[in-house]
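Please walk through the fold shown below, beginning with one helix and the strands beneath its path, then moving to the sheet, the charged pairs and the chain as a whole.

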Amino acid sequence: MKIYSAIIIGAGNRGSKYSELMGKCPDKFKVVAVAEPVKGRRESVAQLHNIPNEMCFNSWVDILNKPKMADFAVISTLDDMHYEPAMKAIELGYNILLEKPVAQTAQECADIALAAKAKGVKVLVCHVLRYSPFFKQVKQLLMDGIIGAVMSVVHVEAVGNVHQSHSYVRGNWHSAAETTPMLLAKSCHDIDIIQWLLDKPCKKVQSFGRLSYFRSENAPKGAPIRCIDGGCPIEETCPYNCKKLYYDDKKNTWFRGACTKGIAKTDIPTDDEVMTALQTTDYGLCVYQANNDVVDHQVVNMEFADGITASFTMNAFNQGGRYIRIFGTKGELTAYARGSEILVYTFEDRKQHTIPIASMDESIVSGHGGGDYGIVKELYEYLSDTYTGFCAADIDISVKNHLIGFAAEKARALSTVEDIDAFFSEYGFVNE
Ligand SMILES: NC(=O)c1ccc[n+]([C@@H]2O[C@H](COP(=O)([O-])OP(=O)(O)OC[C@H]3O[C@@H](n4cnc5c(N)ncnc54)[C@H](O)[C@@H]3O)[C@@H](O)[C@H]2O)c1
């Protein structure tokens with residue numbers, strides 16, 4: 001059995017997760033090189049896979065300046081560093097496991113897909129939710145025809161108020177101009193999931209949404225710019241008090257790690273390093289006085305082929321967790337991604353059936369409801385041309401689904417209804 005060799009470009013949260021999961025499948029994958037500027041992260045990957053020093057690089061530029069050294073590249077740098085490494089890796093003939101969003105603009109996304117096609121390399125995009133037992137099961141039930149032909153979908157991405165504050169008010173994705181709009185940064189998964197479940201081309205989109213709440217006019221009178229400056233009138237009750245979220249909550253390694261990026265000397269930041277982050281970075285800002293501009297709620301209405309309709313809502317004002325309701329000619333399916341069952345009401349017997357969501361081995365699952373593990377598992381078949389699954393989102397389909405998101409953003413900005421056939425053709429794609 002062939003073992004696929006990999007290089008990892010960007011060993012942050014995502015890159016180190018893929019490194020760890022590939023390390024659990026030594027009969028399938030071998031990580032042979034890593035490019036990552038943060039020493040501790042680079043060294044953890046090197047240590048896990050016994051990578052010699054000469055195969056450890058500080059940057060994607062250095063590793064991709066060398067001749068091709070592996071079967072595929074994992075590109076898991078931040079959003080603004082996907083396009084250039086992806087284009088260079090394609091030029092070198094690497095297959096790629098590429099983090100979403102594919103790139104920051106519709107044109108860049110299209111360029112990557114067209115370059116991959118021209119070069120004949122495979123690019124699998126990390127739409128990890130497709131591989132989670134939850135969404136896989138929903139898809140399987142639809143393919144089995146349990147609710148007949150789908151007529152309509154309501155899908156909700158409940159981001160969670162604190163998650164919104166961390167990632168989209170204070171954190172990496174606070175600015176649509178610096179990264180991508182919310183529909184791409186977060187909800188490219190959801191647009192992709194809806195299209196994948198329906199398995200039909202999307203024909204029209206319309207969208208509304210704005211940044212309504214995390215704005216300066218909602219700051220309590222007298223609130224300091226940084227929570228830790230003290231004197232905030234709602235210090236005790238504010239759910240976004242950064243001292244409580246980042247400093248006091250020692251168990252939140254996600255938040256503590258993210259806020260101390262570039263400050264902490266190791267992957268386990270000290271209290272002093274967290275405090276420095278809260279004094280000097282955006283993670284210490286009052287959520288009403290941050291430098292954010294991405295929406296905190298948005299709806300997208302979509303019309304698919306055969307007149308199927310879908311409505312998607314993302315918003316920050318909840319505990320978090322996706323849910324979906326799908327309406328078919330023979331019944332209705334309702335499911336909450338964090339739940340343990342899918343409910344199916346069938347018209348014929350007028351009964352509600354409860355279908356448990358398949359569970360996975362918790363020791364290997366983690367991350368995106370099992371999706372991280374699932375994509376690595378299916379990656380092997382995808383690379384070896386033996387793919388029998390129904391989850392893989394290769395670059396062509398992923399980019400088309402990104403383009404639907406860009407079209408929806410255009411519709412939101414201009415208050416238009418965007419025709420997807422026309423939008424696709426602007427970028428050299430046929431909507432089929
Ligand atoms: N599929 C998903 O569900 C999912 C979830 C979270 C994040 N993401 C995406 O994954 C990507 C990475 O996110 P993350 O949370 O791991 O971010 P991260 O900041 O933890 O990791 C990015 C890494 O890239 C490194 N880097 C910076 N400059 C570099 C260079 N020149 N060469 C090589 N590496 C460099 C950084 O030091 C960092 O370690 C983002 O695009 C993000 O949107 C996807």
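Helix α14 (residues 395-414) lies across three strands, β8 (202-210), β9 (297-304) and β15, and its axis runs at about 50 degrees to that of β8. Helices (H or I, at least four residues) and strands (E, at least two) are DSSP runs numbered from the N terminus. Axes are lines fitted to C-alpha atoms, for helices over the stretch in contact, with angles from 0 to 180 degrees between N-to-C directions; contact means heavy atoms within 4.5 Å. The model is predicted: local features need pLDDT of at least 70, side-chain atom pairs count only at pLDDT 80 or more, and totals for chains, interfaces and linings use all residues. Residues are numbered from 1 along each chain as its sequence is written, and side-chain values use heavy atoms, with hydrogens and water left out.

The strands crossed by α14 belong to an open sheet of nine strands, in the order β14-β13-β12-β11-β7-β10-β9-β8-β15, with mixed pairing. β14 (351-356) and β15 (418-419) stand at the edges with a single partner strand each, so one side of each has no neighbour in the sheet. Two strands count as paired if DSSP finds at least two bridges between them. Strands of a sheet pair through backbone hydrogen bonds, either parallel or antiparallel.

Both senses of pairing can be followed from β7. Strand β7 (residues 150-158) pairs with strand β10 (residues 309-315) in the parallel sense, over seven bridges. Within this pairing, H155 has F312 of β10 as its bridge partner. β7 also pairs with strand β11 (residues 321-328), here in the antiparallel sense and over eight bridges. S152 stands opposite F327 of β11. Continuing through the sheet, β11 pairs with strand β12 (residues 331-336), again antiparallel, over five bridges. Y323 stands opposite Y336 in β12. With two residues between them, β11 and β12 form a hairpin.

Charged side chains come next. How many salt bridges does a search of the whole structure find? The search finds 24, a salt bridge being a side-chain nitrogen of Lys or Arg within 4 Å of a carboxyl oxygen of Asp or Glu. One of them lies in α14: E409 and R412 are three residues apart in that helix, about one turn, and their side chains meet at 3.1 Å, N to O. E409 is buried, at 11% relative accessibility, while R412 is partly exposed, with a relative accessible area of 26%. Here buried means under 20% relative accessible area, exposed over 50%, and partly exposed in between (1.4 Å probe, protein chains only). Elsewhere, salt bridges that share partners join E157, K186, D190 and R322 into one network.

Another salt bridge is formed by R256 and D271, whose closest N and O atoms are 2.8 Å apart. This pair links distant parts of the chain, with R256 in helix α11 (residues 253-259) and D271 in helix α12 (residues 271-280), 15 residues apart. R256 is buried at 6% relative accessibility, whereas D271 is partly exposed with a relative accessible area of 27%. The side chains of R215 and E217 also meet in a salt bridge, at 2.8 Å, N to O. R215 is partly exposed at 31%, and E217 is exposed at 54%.

A further buried residue is H49, in helix α2 (residues 39-49). The relative accessible area of H49 is 9%. Leaving out residues up to four places away in sequence, H49 touches S19, G23, K30 and V31.

Finally, the whole chain contains 15 helices and 15 strands. Its radius of gyration is 22 Å, close to the 22 Å that the globule rule gives for 432 residues, so the chain is as compact as a globular protein of that length. The radius is taken over C-alpha atoms, and the rule is 2.2 Å times the number of residues to the power 0.38. The C-alpha trace spans about 60 × 60 × 45 Å along its principal axes. Of the 432 residues, 53% count as buried. Among contacts between residues at least 6 apart in sequence, 70% join residues at least 24 apart.
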